[in-house]
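Please look over the sequence and the structure shown here before reading the explanation below. The account is meant to be followed with the model open, one residue after another.

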Amino acid sequence: LKPSDYIKRQVRFTPLTSCDSIQPTFGQLPEDLLVFSSDFPHLEGRADAVALCEAQLTGVSEHARAQFFGGSIAALMGL
């Protein structure tokens with residue numbers, strides 16, 4: 001396989017939302033490779049991670065939101 005095919009098949013990316021804006025990431029990666037993560041209760045995680053992400057996803061398609069909040073990881077896990 002090409003390296004890009006391995007990435008599509010086996011890798012997902014999650015932005016560290018407590019430190020960086022997630023909006024530029026959506027423009028740099030295919031939406032099916034992005035997944036939500038909070039790492040709460042660690043210091044870099046946030047209890048309000050979902051609300052923080054929702055606020056940053058204005059202008060993102062409903063499909064991209066669905067992929068980010070579960071669709072991408074479900075596909076990776078075969079669910």
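The paragraphs that follow go through a few selected residues and their surroundings in this model, which is predicted.

A convenient place to begin is Arg12, which sits in the loop between helix 1 (3–10) and helix 2. With a relative accessible area of 18%, Arg12 is buried, because buried here means under 20%. Although Arg12 is buried, it has no salt bridge, and the nearest side chain of opposite charge, that of Asp32, is 5.6 Å away. That distance does not qualify because a salt bridge requires a side-chain nitrogen of Lys or Arg within 4 Å of a carboxyl oxygen of Asp or Glu.

What, then, does the side chain of Arg12 reach at 3.5 Å? At that distance lies the backbone oxygen of Ser72, while the backbone oxygen of Asp32 is found 3.2 Å from a polar atom of the Arg12 side chain. The backbone oxygen of Lys8 likewise lies 3.1 Å from a polar atom of the side chain of Arg12. Asp32 therefore appears twice in this account, once through its side chain, which is 5.6 Å away and forms no salt bridge with Arg12, and once through its backbone oxygen, which is 3.2 Å from a polar side-chain atom of Arg12. When residues up to four places away in sequence are left aside, Arg12 touches Ile7, Asp32, Leu33, Val35, Ser72, Ile73 and Leu76.

Ser72, one of these contacts of Arg12, belongs to helix 4. Is Ser72 buried or exposed? Its relative accessibility is 0%, and Ser72 therefore counts as buried. The side chain of Ser72 has a polar atom 3.2 Å from the backbone oxygen of Leu34, and the backbone oxygen of Glu31 lies 3.4 Å from a polar atom of that side chain. Ser72 is thus described from two sides, since its backbone oxygen is reached by the side chain of Arg12, whereas its own side chain has polar atoms at the stated distances from the backbone oxygens of Glu31 and Leu34. Not counting residues up to four places away in sequence, the residues touched by Ser72 are Arg12, Glu31, Asp32, Leu33, Leu34, Val35 and Gln67.

Ile73, another residue that Arg12 touches, lies in helix 4, which covers residues 62–77. Arg12 and Ile73 are 61 residues apart in sequence, yet their C-alpha atoms are 7.4 Å apart in space. At 38% relative accessibility, Ile73 counts as partly exposed, and together with Met77 and Leu79 it makes a nonpolar surface patch of about 370 Å².

Helix 4 also holds Arg65, whose side chain takes part in a salt bridge. How many salt bridges does the count come to? The count comes to 1, and in it the side chains of Arg65 and Glu54 meet at 2.2 Å, N to O. This pair links distant parts of the chain, with Arg65 in helix 4 and Glu54 in helix 3, 11 residues apart. Arg65 is buried, with a relative accessible area of 16%, whereas Glu54 is partly exposed at 32%. Arg12 and Arg65 may be set side by side, for Arg12 is buried yet has no salt bridge, while Arg65 meets Glu54 in one.

Two serines in loops complete the tour. Ser37 lies in the loop between helix 2 (23–28) and helix 3 (49–56), and with a relative accessible area of 32% it is partly exposed. Leaving out residues up to four places away in sequence, Ser37 touches Thr14 and Thr17. The C-alpha atoms of Ser37 and Arg65, 28 residues apart along the chain, are separated by 13 Å. Ser21, found in the loop between helix 1 and helix 2, is partly exposed with a relative accessible area of 43%. From Ser21 to Phe69 there are 48 residues in sequence and 16 Å in space, C-alpha to C-alpha.

Technical notes:
Residues numbered from 1 in each chain as written. Predicted model: local features only at pLDDT ≥ 70, side-chain atom pairs only at ≥ 80, totals over all residues. Heavy atoms only, no water. Patch = residues over 30% accessible without salt bridge, like charges linked within 9 Å, V, L, I, M, F, W, Y side chains within 5 Å. Areas by Shrake-Rupley, 256 points an atom, 1.4 Å probe, with all protein chains shown as cover. Helix = DSSP H or I, 4+ residues; strand = E, 2+ residues; numbered from the N terminus. Buried < 20%, exposed > 50% of the residue type's maximum accessible area, 1.4 Å probe, protein only. Contact = heavy atoms within 4.5 Å. Lys, Arg positive; Asp, Glu negative; His and termini not counted. Polar contact = N/O pair within 3.5 Å; in protein donor to acceptor, adjacent residues only side chain to side chain.
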